[in-house]
Amino acid sequence: MPNVLKVFLENGQTKSFKYDGSTTIGDVIESLQQKLSIKCVEHFSLVVEHIKSLRRNKLTLLDPAESIARIAARPGAQHLRCLFRITFVPKDAYDLLRTDPVSFEYLYVQCCNDVVQERFAPELKYDIALRLAALHIQQHALTNNLQGKLSVKSIEREFGVERFVPLSLVETMKRKELRKLLTHFLKLNQNLSAPGQKCLSALQAKLHYLKIVAELPSYGAKCYTTATLRDSTTETIILISPKFGISQISSMRNST
């Protein structure tokens, strides 16, 4: 029976690849590039996450030259899930849209998933999360030709708010308050429209969404945890990002 690698895509689909001892991560990326008609493949990588990990933002980048068989032979490999993601984010989402619309759409869907699945937590404050949710709701309603006046109740009835709002907010906020705030941010979306335009188009909503996400410190970044020998209670996180370069974040760690 051949060995099979299952790769999860951001649109909810999965792709399966048979591999042997010579198959590399780069071979799978090249195959996905062809299957998905991606032009700017330099933005993409295969990453793995531990399926039992509580930290949804802990992803490990895989070397394109590495053998899949070697990765599969590592201890605990059965608990890893392989994802196809944009890890090297573009400087400007609009430039990506012009050169590679497929990759632009993939980036947008990935960012929506990351917000809802709380991969940006804890830096994503609730007001920004709801502002993003309102843009996502507007885009989704326009894309799906939702008839009539756009309201949170109609969206909730048709699609559910869990598709747009981080789970922690859905669970902790009173539903009435959540609807009120989402309605407020939906109205604010009108201020983003061009003069003479009644409301944002689906594409404009996507561009505004990505512009907000791009301001988050961990967007396209990697974090590395370090600790000093002299003070074991202080945890230092080194953040390497395209926006902030190399930064240091300090936090207190429970020493027990």
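# Sheet architecture and cysteine environment

Strand β3 and strand β5 (residues 80–86) pair in the antiparallel sense, with seven bridges between them. The model is predicted. In it, β3 and β5 belong to an open sheet of five strands, whose order is β2-β1-β5-β3-β4 and whose pairing is mixed. A search for disulfides across the whole structure returns zero.

**Strand β3 and its partners**

- Strand β3 spans residues 44–50, and six of its seven residues are buried, so the strand is largely enclosed by the rest of the structure.
- In the pairing of β3 with β5, H50 stands opposite L80 of β5.
- Strand β4, made up of residues 60–61, runs antiparallel to β3 and is joined to β3 by two bridges.
- Within the β4 pairing, V47 faces L61 as its opposite residue, while V48 stands opposite T60.

**Sheet edges and packed helices**

- The mixed, open sheet follows the order β2-β1-β5-β3-β4, and its edge strands are β2 (14–19) and β4, each of which pairs on one side only.
- Helix α1, covering residues 25–36, packs on the sheet and touches β1 (3–8), β2, β3 and β5.
- The direction of α1 makes an angle of about 135° with that of β2.
- Helix α4, covering residues 101–116, also packs on the sheet, where it touches β3 and β5.
- The direction of α4 makes an angle of about 130° with that of β5.
- Strand β3 is thus among the strands touched by α1, and β3 is likewise touched by α4.

**Cysteines C111 and C112**

- No disulfide is found anywhere in the structure.
- For C111, the closest cysteine sulfur is that of C112, at 7.2 Å, which is too far for a bond because a disulfide requires the two sulfur atoms to lie within 2.5 Å.
- C112 is likewise in no disulfide, and the cysteine sulfur nearest to its own is that of C111, 7.2 Å away.
- C111 is buried, with a relative accessible area of 2%.
- C112 is buried as well, with a relative accessible area of 4%.

Conventions:
Residues are numbered from 1 along each chain as its sequence is written. This is a predicted model: local features need pLDDT of at least 70, side-chain atom pairs count only at pLDDT 80 or more; totals for chains, interfaces and linings use all residues. Side-chain values use heavy atoms; hydrogens and water are left out. Buried means under 20% relative accessible area, exposed over 50%, partly exposed in between (1.4 Å probe, protein chains only). Helices (H or I, at least four residues) and strands (E, at least two) are DSSP runs, numbered from the N terminus. Two strands pair if DSSP finds at least two bridges between them. Contact means heavy atoms within 4.5 Å. Axes are lines fitted to C-alpha atoms, for helices over the stretch in contact, and angles run from 0 to 180 degrees between N-to-C directions.
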